[in-house]
Amino acid sequence: MPRWTYFAIFLVIALGIVAGWHYYLWLRLVRDPGWTPQVTRILTGVLVLLGLSLPLGMITARLLPPAFGKAFGWFAFVWMGGGFLLLCAVAVGDLFTQVLSRFTDLGASMPDAEPESPSRRLLLARTLAAGTTLAAASTTIYGVRGALGAVQVKDVEVQLDRLPREISGLTVVQLTDVHVGSMIGQPFVEGLVERVNALKPDLVVITGDLVDGPAERLGAAVAPLGKLESRWGTHFVTGNHEYFSGFEPWRAFLASLGIEVLENRRVTIGEAGGPSIDLAGIPDPTVARMGNGAPDLAAAVAGRDPERELLVLAHQPRAIDDAVTQGAGLLLSGHTHGGQIWPFGLLVALNQPYVAGLHRREDTQVYVSRGTGFWGPPMRVGAPAEITRLVLTPS
């Protein structure tokens with residue numbers, strides 16, 4: 001499917017969701033509280049503008065000059081996150097009022113019960129509107145501070161059955177879902193490189209969604225990754241956003257930085273002639289929708305010695321099925337952001353088998369990173385960003 005067709009379908013669905021979302025907020029925060037006509041008109045206009053800011057922000061962030069695009073993008077994406085939190089808060093409040101209403105109706109049916117006062121219902125609606133708005137605003141501020149703060153280094157020890165004891169303690173640093181673009185730029189990338197190099201890893205892997213834009217616009221911001229230092233280099237697999245951004249130029253650019261792109265291919269990690277393991281990588285399934293191939297782990301590992309340990313890189317944790325079939329000891333993935341903004345992780349779990357952390361399926365383990373940057377809202381609530389340092393030891 002051509003990229004523009006895929007984008008058009010996504011845009012239609014997204015606009016429908018945005019419209020329904022803001023209409024629900026209007027019902028509960030504007031109509032139900034019974035504000036004065038003037039306040040109602042003002043709040044209605046504000047919600048309409050906020051709703052329009054979402055699609056316009058995503059478009060203008062890419063089309064406008066960087067200074068304007070970034071400013072408008074920040075406004076739109078902060079509202080995206082804050083509006084989601086407000087939606088959740090209103091839904092919880094709505095559920096509470098529905099339960100309260102059931103008890104009120106039950107009490108009203110009792111003999112000698114006084115009818116419920118309209119002013120009481122109005123007070124409840126206004127209290128709900130004010131309380132949920134305050135809760136969402138407070139959480140939004142907390143989430144923005146969390147996203148813009150220092151990225152944590154998360155240490156994870158993984159025991160592998162076939163890891164040679166001679167290379168016990170092999171250290172792999174995983175970066176994923178950095179989303180370099182209008183909101184994350186060169187200073188952030190330079191900071192990542194400095195922190196990763198300080199960890200002195202044996203291997204650095206980047207498991208997709210590195211960029212959100214074309215190479216000609218974001219190349220300078222990504223270029224510091226060429227200074228990553230590790231014993232056995234930096235390896236990369238694509239995420240879905242690489243294909244939205246035009247991957248062919250990015251492939252060449254990453255190669256110029258000394259970053260090895262693994263597309264249905266495997267390499268050896270270790271000293272020549274000494275203890276080593278296999279590292280395989282597959283592209284994100286989005287490549288198939290773009291008409292440029294498909295992930296094929298079987299082809300990547302064809303002919304390998306099954307007695308050797310196998311580490312697989314795949315952007316989405318749903319690749320666990322193929323990893324199990326091909327006898328991988330460990331799969332490293334991202335994509336989920338750990339939900340990024342709680343409780344969005346509950347929705348992510350409907351689409352992916354794992355949302356964050358280390359898990360096991362049969363003889364294969366999978367580690368799903370919560371991501372190193374953020375996408376959309378510059379917010380992290382209940383899912384802090386991470387630079388993952390995995391230490392591999394024999395079991």
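**Talking through helix H8, the cores and strand S9**

Colleague: Which residues are buried in helix H8?
Modeller: This is a predicted model, and H8 covers residues 247-256. Its buried residues lie on the same side of the helix, because they cover an arc of only 55° around the axis. On the other side, Glu-248, Ala-252 and Ser-256 are exposed. The buried ones are Phe-247, Trp-250 and Leu-254.

Colleague: OK, and what do the buried residues of H8 pack against?
Modeller: There are helices and strands among the partners. The helices are H6 (215-222) and H7 (240-244). The strands are S4 (234-237) and S5 (259-261).

Colleague: Which helix gives the most to the largest nonpolar core?
Modeller: That core has 57 residues, and Leu-210, Val-222 and Leu-225 have the most contacts inside it. Seven of its residues come from one helix, residues 66-108, and that is H3.

Colleague: Which residues of H8 does Val-222 touch?
Modeller: Leave aside its neighbours within four places in sequence, and Val-222 still contacts Val-180, Val-189, Leu-210 and Val-211, among others. H8 runs over residues 247-256. The contacts of Val-222 in that stretch are Trp-250, Phe-253 and Leu-254.

Colleague: Moving to strand S9, which residue stands opposite Val-368 in S11?
Modeller: S9 and S11 run parallel, joined by four bridges. Leu-331 and Ser-333 point one way from S9, Leu-330 and Leu-332 the other, and all are buried. The one opposite Val-368 is Ser-333.

Colleague: What hand does the crossover from S8 to S9 have?
Modeller: S8 and S9 are parallel too, with three bridges, and Leu-313 stands opposite Leu-332. The chain passes through helix H11 (residues 320-325) on the way, and this β-α-β crossover is right-handed.

Definitions and conventions. Residues numbered from 1 in each chain as written. Predicted model: local features only at pLDDT ≥ 70, side-chain atom pairs only at ≥ 80, totals over all residues. Heavy atoms only, no water. Buried < 20%, exposed > 50% of the residue type's maximum accessible area, 1.4 Å probe, protein only. Helix = DSSP H or I, 4+ residues; strand = E, 2+ residues; numbered from the N terminus. Arc of directions from axis to C-beta. Contact = heavy atoms within 4.5 Å. Core = buried A, V, L, I, M, F, W, Y, C linked by side-chain atoms within 4.5 Å. Pairing = 2+ DSSP bridges. Right-handed = clockwise from strand over helix to strand, strands pointing away.
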